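This report describes the secondary-structure arrangement of a single model. The sequence and structure are shown first, and the account follows.

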Amino acid sequence: MTNARLSDDDNIPTGSSAAEGDLAARLGDLARYLQEQDDLDDTLRGIVDTAVQTVPGATYAGVLVSDNRETMHTPAATADLIHRVDRAQIDLRQGPCLDALYHERIVVLPDTTDEPRWPRFAARAAELGIGSILSFQLYVTGNDLGALNLYSPAPAAFDAESEHVGSLFAAHAAVALASAQQVTQLARAIDTRDLIGQAKGILMERHKLTADQAFALLVRASQHTNTKLADIAEYLTHRGELPLRP
């Protein structure tokens, strides 16, 4: 994979057609690299690793996600420090990454020692050695959200070029991430189908039922115990019996 960071030796203004063409080519290489990752975890790791290589000013990177607009966590980061910084935002319920996640496309925190918008978080980030942050909304899928966050120990590390390159990178990363999520969801659906098939087979053999009757029995067990059908099937295949009603 080509290193996507713009070289200081290029001596070409970012706005020129030559620089834009070079950036587009490098981002195309990055997109292909991300698409080639084996699974969702590898794609997330690829995103944070290449973000640091690509966006001027970035020393660290992380992806923060919100599941069903409730629980938040950081599934991928380039350093353990970023997990602590993100945890501070989650615990304090404030910070640029949360604003990017829920409200805005791009959010910049230029100096953690002088930040009135998120004073408690900024003070904690400064204590952890973070000087500035640049955040991009990655995706909004129903109630699931994701943001790409870039960090530097230096204040004012991110400029207009950082925002420009970062926004293009985030767009490519979002496409790769959506593809990886679809593959993961499909694999889970196949696994679930196979698991339900195994559970049906157990019931058909044990109780001399048809396939439809066995499936109906699984559905009733799911309804009576208020448990997902896949979990009922997993319980049966592992324990050899249906769960009792609560």
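What span should the 13 residues of helix α3 (residues 80-92) have, and how far apart are its end C-alpha atoms? In this predicted model, a rise of 1.5 Å a residue gives an expected span of 18 Å for α3, and the end C-alpha atoms lie 19 Å apart, which agrees. The buried residues of α3 are Leu-81, Ile-82, Val-85, Asp-86, Ala-88, Gln-89 and Ile-90. An α-helix has 3.6 residues a turn, so residues three or four places apart point the same way. The cover over the buried residues of α3 includes β1, β2, α4 (96-102), α5 (119-127) and β5. Arg-93 follows α3 and has a positive phi, near 60 degrees.

The strands form an open sheet of five, ordered β2-β1-β5-β4-β3, with antiparallel pairing. Because β2 and β3 (106-109) stand at the edges with a single partner strand each, one side of each is left without a neighbour in the sheet. On average, neighbouring strands of this sheet are turned by 20 degrees against each other, direction ignored.

Two of the antiparallel pairs are set out below.

| Strand | Partner strand | Bridges |
|---|---|---|
| β1 (residues 60-67) | β2 (residues 71-77) | five bridges |
| β4 (residues 132-141) | β5 (residues 144-152) | nine bridges |

Ser-66 has Met-72 in β2 as its bridge partner. Three residues lie between the strands of the β1 and β2 hairpin, where Asn-68 adopts a positive phi near 60 degrees. Leu-134 stands opposite Leu-150 in β5.

Helix α2 (residues 40-54) lies across β1, β2 and β5, and runs at about 140 degrees to β1.

Key
Residues numbered from 1 in each chain as written. Predicted model: local features only at pLDDT ≥ 70, side-chain atom pairs only at ≥ 80, totals over all residues. Heavy atoms only, no water. Pairing = 2+ DSSP bridges. Helix = DSSP H or I, 4+ residues; strand = E, 2+ residues; numbered from the N terminus. Axes fitted to C-alpha atoms, helices over the stretch in contact; angles between N-to-C directions. Contact = heavy atoms within 4.5 Å. Expected span 1.5 Å × (residues − 1). Buried < 20%, exposed > 50% of the residue type's maximum accessible area, 1.4 Å probe, protein only.
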